[in-house]
Structure formats: C-alpha cells, structure tokens
Amino acid sequence: MLCARRLGGLRAGLRVRRVSTRWSPVGAAFTVQPQGRRLDWSGERGGLFGVPELSAPEGFRVAQEKALRKTEQLVRRVCAMPPGPRTVLIFDELSDSLCRVADLADFVKIAHPEAAFREAAEEACRSIGTMVEKLNTNVELYQSLQRLLADKKLVESLDPETRRVAELFMFDFEISGIHLDREKRKRAVDLNVKILDLSSAFLMGTHLPNTIEKCLLPERIRHHFELAGDHAVVDSLRAEAPDDLVREAAYKIFLYPNAGQLKRLEELLSSRDLLAKLVGYPTYSHRALQGTIAQSPETVMEFLEKLSDKLSERTMKDFEMIRGMKMKLNPQNSADSPPLDHQGSPEELMPWDPPYYSGLIRAERFNIEPSLYCPFFSLGACMEGLSLLFNRLLGVSLYGEQPAKGEVWSEDVRKLAVVHESEGLLGYIYCDFFQRADKPHQDCHFTIRGGRLKEDGDYQLPVVVLMLNLPHSSRNLPTLLTPGMMENLFHEMGHAMHSMLGRTRYQHVTGTRCPTDFAEVPSILMEYFANDYRVVHQFARHYQTGQSLPRNMVSRLCESKKVCAAADMQLQVFYAALDQIYHGEHPLRSSTTDILRDTQERFYGLPYVPNTAWQLRFSHLVGYGAKYYSYLMSRAVASMVWRECFRQDPFNRAAGERYRREMLAHGGGREPMLMVQGMLQKRPSIDDFVNTLVSDLDLDFETFLMDST
C-alpha cells in the first residue's frame, strides 16, 4: 500500500540513532530515590529541554525573537517563490519555528515551579500568538498557498500527505476569514479575539467556588464545608460524601447560577456561531467537525441518539439498582432538616446520588478496595510493564536517561529515551509524574517538539511531557499506584507513543495533531491492555514479596467497572448532546438552562434540579466545543481495534506492526476514517460504533465461574 511504502521510504532516508551507554533500565529510573536533593540552580547550566537559550527566564525573549526573525524570512521566501511542493515544506517550517517556542511555553507557563519562568513563558505565548494572528491575516502569504491549490495539475502531483497538509493550512487561513473582504476580515479577527477572551474568562469561572450564608445550612453538615466568617464556601460537588444531605447541599450551591458566567457562556456560543457563519459554515459545529471521523453534526447526533436508545433499558436497570442501594441504607439525611428547598422523597433518585451509591455497589459486590491492589502496582514495575508491552508489540523499549543540568524543571522529573530495536532513538518523553505545590492537578500529555523530516534528510525527533500527580516514594516505600492511577498511566502513555511512533513528513500533523475523535483512540486502546490479565501478569508483583497479582483480583476489578456503566455512559451521551445543541442552530430556541433541562430529561432521565446551571461548570465547552462526543466515538474505535486485533493475543507483533503502520505512523496526515478502515479492514458504520460500545457493558460470566471454583 502507498502509505506503507511511503513510511518505509522515509525510514530508509533517516539516520539511525544508535544505542547510548547513558541509558538505564526504565524501572530503575523510577525506583531510585532522588534522595531529597533539590535542583542546583547555581553555576553553569543548560536550558530547559536542552534549548540553550532557556537556561534563564530571559531566554524566552531570545527564543521568541529568534523564532520571529526566522518567521519573517520564511514568509518573504515563500511569497517570492513559484508554487510547488516546497510551498508546503516552507509553510510547515514556518509553523515549526513558532510551535517550538509556543508549545514549550504553553507547558512551562503552567508547570514550572519558578514564577519568573512561568511569567516569561506567558509573555512568549502572547508574543507568538500575536504573530500567528498576523500570519493568519497576511493576504500575500494566503495567496502563495492559494496559487498552489488552484493549480489542478500541481495538486494532482502532490502526494496525499502533502496535499492534506496544504488543505489543513488553507483551512486555518479561511477560519480566520482571510478570503473575505476587508471589512468582514476585520470582523472575523475581532470575533477571534473576543472568543479567546471569553473562553479564558469562562474557563476560570468554571472552577470558582460559590458561597452561602452558613445559617442557611443545617448545623450538622456545616463542618463539611470551608467556613469564612458568616459564609460557607462550596468548591466542588462533594460527590463521594456519604451523607446525602452534604451531597445535595453541595450540588445545589456549587451549581447555583452565576449571572456573569451565564452571560459569558451566551456570548461565547453566540460569537462562535457568528464567526462560523461569517466564514461560510451553517453552524459552529459544522466548522468544528470538518475533517473528523464523524464529519458532520448530523452524524454525531445520529450516533448519540442511537446510542441513547440502545442504552435506555440498561440505564433504567442501573438506576433501579442504585435506587435499591439508597433504600437499603435507608438514609434519613434527606428528611432531616432539608436544605435549600429540598425536593423529592428520600428514596427518589437525584443527580447527586449515582456517583456515591454506584461506588458502594462496586465495593460490596467485588471487594476492590484500592489498598489491596496498590502493593502490586509500584511505579517502577508499571513502567517496566509498559516497556515490555511496547517491545513485544512494536519492537520499542523505554530507557532512563540522565538529564543535563538545567534540562528539567524539577528534580523528580525523569527523562526517557524511546528506542526501536532497528531504527534506534525515536524521541524523548519527560515524565513529570509527582505531586508538588502549585502543580496543576491534571493528567495530560504535552507536545514540546513535533517530529518532521528536515531538509538535510534527518528526522527532527519528537519531544513530549507526560504530567501525572502521583504520590512520592519514601525511604521504605516505593510509589504505589491505585488501579485508577495505573490505568491513567497507560492512557497517557498511549498519547506519548502516538507522538513517538508518528513519522510524518510535516510537524503540522505529527503524532496527536489530528482530529479530536481520533486523537483519543491510542490512549483509550491502552486502557484495554491495562485491564487484560495477560498483560498485567507480566509486571504486577507485590513490592515486598514478589507475589504476582492473583488473576481473580484482576477479573473482579475489570467486572466492577461494568457496574452502573450504562448509566455512566448515558451521562456522557447527555453531555455530548448538550454540547452539540449549544453549537448548533442559532439563535438558540431558549435559554442555555432551559436547553439543559430538556436535554437532561431526554438523554439522561434523572430530574433537573431547579435553580441549578450545570452548564456553567462544563469546562470542556472551551477546549472541546462541539467535540465532546469524541470520547465516546474514540472509545468505540478503540474497542473495535482491541476486539479485532489484540483481544486474542495482546502481544501479537504482526497486529502491533499493523497498528503502527495503519494508525500511529500518520498522525493527522491521513483522513481518520481511512486509518480506521486500514486497521479494521472495513469501514465501520454508526451502528457498528454503537453496538461495540453497548457490548462492552456486558458482564463476563467466565469471571464468576472462575471465582467460584
């Protein structure tokens, strides 16, 4: 196939990076203690991520000015040359020179422990952002790409990846309104700026606490909340609180509507719609879904409606089971001093009930207390397990490498070299895994430098950061992971390997730079490996005795996740449908809160609680606007890949190589459905996606047979 030949040809032209004597076994990198030492900031040191300029905060200004000078040179060059394949190469080099500063700064501004570095990175982001906005409205630059895409013969001569990248650059231009007349173009720029500001303000508002006069709370639950003078501060839903009254109060107070936040959301949705219409799309959702697996909002809604219908009966059974647990415990909390206009009888199921009671059902049925599992999941053992899995599937191993002085931002950051058995060094993963003050509480993957084929024939190696929030080891105890932490580690490593194994010619489409509903497939697929006993058995050993994790414990853990899973999935369908409606036809048929109420009744089933506005806490509306469905669709694709290719043998090397060749290697350089089709050897339908998700909910009766013997 063309893609396989192109990938093979690309490898043949690259220099193989040989094994280094600086590399050490990956498990040891996470087992050896840093001995409590702090980073030595004195004396001569290199720069962050090996970038010489970034040995001090002032280096960001040097790096950004260098990138801006190079950008101006490349713009002059591409505008002066005749159209051809080199046009796309220079556009990509232009993008790379800006991204290498902006992507790095995006990470440093939230993760570096020193305020001076964070502030310098923030300024660099603003500076590069201004330049990107300037380039997106540079008519001469736009015309240089337009000349290429308007020449039919030239376009036909381009290879598929180059053509796709050229079209993606053109898409970026057109969503900025560059093809419009001067007046409309200015309006598009103004709308883009407004959307950016509103997004930032709305995102900040999703996390702000609400306060209430403490006298309005029953006295017996006040101590569950932070008290500030005469007020109680509520900063979360307290979803795991055993007391029904605490959960009810937290739900109603935390989700009480804030007028300013409501106005920001309305303006954000309206501005997105105006911009989409201005640049030629009927709705914002149509614009956001271009190039995705789903392709259109009509397909997304078909997927969600069919999935909702298939889940309906199972969801009702889950709700009955949760209601049964609530009645079994017979809590009197809801009838005792009810707060804030209590609604419903004590046995009625309310939105604040499922997370707590479903957790109790899992614990009662399967005995999955995390402390029973943690001793088997030391961080070093989990990392060795990942390396072993990648080696057997893909011929790839992970090695620890000692970073140079000044290369990392915290002494507990580990640097991993990703090495292929025949291709050599593929790239680097910096593991920022441990808790520290002021570090964001999120598990995520950051691209620091994208891979691309350089003009000299060498390949620019990708560099990424994985951020987790794991507990530190102590003198007598290694870092031990709960099952959830272990699964998150596998998930994030799926993103990292997508970045490492992509070998695109262009950094604009490297690794995870692909449509959102495809980007989550490799990470979710890794969750299936993390829940397979054959994989877990390879590394899960008790850190003291060396005993393997018993098979029935893995089975119980896997089956426990299916308890009330239909209700959990139904909730995700509700969120995704709400997101689509908000980004669909405007003006909206009613207020965002009325739409929330109607959508909740249609797609979830539990009653809407008056005087609440959950949508004002829906932070994903910023980064995943019109794309929240992606989690569900990516899970469907990942499940199909697992079933078809890895369920029979999770270490199948031929399937692993096909996975790399058909899916990982291309980043965003191929249409996502073509990659899925290449892997599955068929083009899946919406019904296939729905049926796969629903069948994942079925209990494995072999588990019960095995546990009963």
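Begin by selecting Cys564, which is found in the loop between helix H21 (551–560) and helix H22 (565–582); helices here are DSSP runs of type H or I with at least four residues, strands are E runs of at least two, and both are numbered from the N terminus. Although Cys564 is not a glycine, its phi is positive, at about 60°, and with 1% relative accessibility the residue counts as buried, a term that means under 20% relative accessible area, whereas exposed means over 50% and partly exposed lies in between (1.4 Å probe, protein chains only). The model is a predicted one, in which local features need pLDDT of at least 70 and side-chain atom pairs count only at pLDDT 80 or more, while totals for chains, interfaces and linings use all residues. Residues are numbered from 1 along each chain as its sequence is written, and side-chain values use heavy atoms, with hydrogens and water left out.

From Cys564, move to Asp318 in helix H13 (residues 297–329), which touches Cys564, Ala565, Ala566 and Ala567 when residues up to four places away in sequence are not counted; contact means heavy atoms within 4.5 Å. Asp318 is buried yet has no salt bridge, and the nearest side chain of opposite charge, that of Arg362, is 7.8 Å away. For that statement Lys and Arg count as positive and Asp and Glu as negative, with His and the chain ends not counted, and a salt bridge is a side-chain nitrogen of Lys or Arg within 4 Å of a carboxyl oxygen of Asp or Glu.

Stay with H13 and select Glu305 together with Arg602, which form a salt bridge whose closest N and O atoms are 2.9 Å apart. Arg602 lies in helix H23 and Glu305 in helix H13, so this pair ties together parts that are 297 residues apart in sequence. Arg602 is exposed at 52% relative accessibility, while Glu305, at 30%, is partly exposed.

Two further pairs can be selected in turn. The side chains of Glu487 and Lys561 meet in a salt bridge of 2.5 Å, N to O; Glu487 belongs to helix H17 and Lys561 to the loop between H21 and H22, so parts that are 74 residues apart in sequence are tied together. Glu487 is buried, with a relative accessible area of 18%, and Lys561 is partly exposed, with 35%. The other pair is Arg643 and Asp696, joined by a salt bridge of 2.7 Å, N to O, with Arg643 in helix H25 and Asp696 in the loop between H28 and helix H29 (701–708), 53 residues apart. A network of salt bridges can also be displayed by selecting Asp244, Arg247, Lys326 and Asp353, and a search of the whole structure finds 46 salt bridges.

Next, go to Thr283, in the loop between helix H11 (259–278) and helix H12 (284–288), which counts as buried at 5% relative accessibility. The side chains of Thr283 and His286 are joined by a polar contact of 2.6 Å, that is, a pair of N or O atoms within 3.5 Å of which, within protein, one must be able to donate a hydrogen and the other to accept it, residues adjacent in sequence counting only if both atoms are side-chain atoms. Leaving out residues up to four places away in sequence, Thr283 touches Asp273, Ala276, His583, Gly584 and Glu585. Follow the chain to the peptide bond from His586 to Pro587, which is cis, with omega near 0°; Pro587 lies in the loop between H22 and helix H23 (592–603).

For the interior, select Met383, Phe433 and Phe646, the residues with the most contacts inside the largest nonpolar core, which has 148 residues; such a core is a set of buried Ala, Val, Leu, Ile, Met, Phe, Trp, Tyr and Cys residues joined through side-chain atoms within 4.5 Å. H22 gives the most to this core, with twelve residues. A second, separate core of 62 residues includes Phe117, Leu135, Val465 and Tyr506.

Val465 leads to the last stop, where it stands in strand S11 opposite Phe446. Strand S8 (residues 444–449) has five of its six residues buried, and S8 pairs with S11 (residues 463–470) in the antiparallel sense over five bridges, two strands being paired if DSSP finds at least two bridges between them.
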